[in-house]
Amino acid sequence: MNQITIAPSMLCADFARLGEQTRQVEEAGADWLHFDIMDGWFVEHITFGPLVIDALRGQTDLHCNAHLMVGNPASHIQSFARAGADSVLIQREVVSQPAQLLSRIRDLGLMAGLVFNPATPLAGLESIADKLDIVLIMTVEPGTAGQKFMPAVLPKVRQARQLLDEVNPEARIMVDGGVDDQTTPELVAAGAEILVCGSYLFQHPDGLAAAIQSLRDAAGSTE
Ligand code: DX5
Ligand code: ZN
C-alpha cells in the first residue's frame with residue numbers, strides 16, 4: 001500500500017479559534033491541512049482567502065493545501081503562493097485549458113492539482129497528466145461539509161489511478177467529501193492516497209488524534 005496522507009479540512013474547524021485548532025490538528029498527527037476556498041460564485045458559500053492561510057502559516061509546519069472553489073482561479077494563484085500555500089488545486093469545470101494554469105502553479109514552486117466534481121468526466125486528463133501532482137476526485141458535491149459520501153464516484157477514482165499509472169505514476173489521487181473510517185477502505189483500495197476529512201475528524205467523540213488514527217487503521221485494513 002502507498003503512503004496515506006491525512007488532510008483535515010479546516011472548513012470544519014472552529015473559526016473562532018483557528019490558530020489553536022491548527023496546532024491541535026498538527027499535534028494530533030495530521031499530515032496536511034486542507035483549506036476550502038469558496039467565492040460565493042462557483043459554490044454558494046464564501047469561506048476564507050489567502051489572508052487566513054497567511055495567518056495560520058505561522059502556526060504550523062504542515063503542508064497547506066488550497067482547494068480553490070472559485071470562478072476565476074487564475075487571478076488568485078499568486079496570492080495563495082505568497083500566503084504560503086504548498087499546493088493549489090483548481091476545479092476542472094472553470095478552466096478550459098488547465099495545462100497552462102497548472103504550469104503556472106508549478107512555476108511558483110508549488111504542487112499543482114486538478115479537481116473533478118462528481119459529474120465531471122476525466123476526459124482529457126491523460127494529455128495533461130504530466131503537468132500535475134494531484135488529482136482530486138470529489139466524493140460529494142462541492143460547497144458544504146457533512147454530506148454523504150457518493151459511492152458512485154469510486155469507479156472514477158480507479159480510472160484516474162490507472163490513467164496516472166500510465167502517464168505520471170508519481171501523481172497522487174486525493175478524495176474529498178464524506179471520508180470516514182467506513183468509506184476509507186474502499187477509497188484506498190480504489191487508489192486514493194490523500195484523504196481530506198472534515199466532519200468525521202472534528203466531530204469525533206474521542207478527539208482528533210483518535211480520529212486520525214482510526215483513519216490510518218481503516219486505510220491499512222485494505223491490505
Ligand atoms: C466540500 C469540501 C470538503 C469538505 C469535507 O466542498 O471541499 O473539503 O469540507 O467535509 P466532510 O469531510 O465533512 O465531507
Ligand atoms: Zn475541499
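Analyst: Helices (H or I, at least four residues) and strands (E, at least two) are DSSP runs, numbered from the N terminus. This is a predicted model, in which local features need pLDDT of at least 70, side-chain atom pairs count only at pLDDT 80 or more, and totals for chains, interfaces and linings use all residues. Residues are numbered from 1 along each chain as its sequence is written, chains are lettered from A and ligands numbered from 1 in the order in which they are written, and side-chain values use heavy atoms, without hydrogens or water.

User: Which element supplies the largest share of the shell around ligand 1?

Analyst: Strand β2, with 3 residues. β2 (32-38), β3 (63-69) and β8 (194-197) each give at least two residues to that shell.

User: Which residues come nearest to ligand 1?

Analyst: Asp36, Gly143, Asp176, Gly198 and Ser199, out of the 20 residues around ligand 1. A residue counts as near if one of its heavy atoms lies within 4 Å. By class, the shell has 8 nonpolar, 10 polar and 2 charged residues, with Gly counted as polar.

User: What makes the approach of Ser9 to ligand 1 a polar contact?

Analyst: The limit for a pair of N or O atoms is 3.5 Å; within protein, one must be able to donate a hydrogen and the other to accept it, and residues adjacent in sequence count only if both atoms are side-chain atoms. An N or O atom in the Ser9 side chain is 2.9 Å from a ligand 1 oxygen, so the pair qualifies. A polar side-chain atom of His67 is 3.5 Å from an oxygen of ligand 1. Gly198 uses a backbone N or O atom, 2.8 Å from a ligand 1 oxygen. Of the 380 Å² that ligand 1 exposes when taken alone, the protein buries 99%.

User: Why is Gln91 called buried?

Analyst: Buried means under 20% relative accessible area, exposed over 50%, and partly exposed in between (1.4 Å probe, protein chains only). Gln91 has 0%, so it is buried. Gln91 belongs to strand β4 (residues 87-91), and its side chain makes a polar contact of 2.8 Å with that of His67.

User: Why is Arg82 called exposed?

Analyst: Its relative accessibility is 65%, over the limit, so Arg82 counts as exposed. Arg82 lies in helix α3 (residues 77-83). Arg82 and Ile53 are 29 residues apart in sequence, with their C-alpha atoms 9.7 Å apart.

User: How do you know that Gln213 is partly exposed?

Analyst: The value for Gln213 is 41%, which falls between the two limits, so the residue is partly exposed. Gln213 sits in helix α9 (residues 208-220). Ala28 is 185 residues from Gln213 in sequence, and 8.8 Å from it C-alpha to C-alpha.

Technical notes: Areas by Shrake-Rupley, 256 points an atom, 1.4 Å probe, with all protein chains shown as cover.
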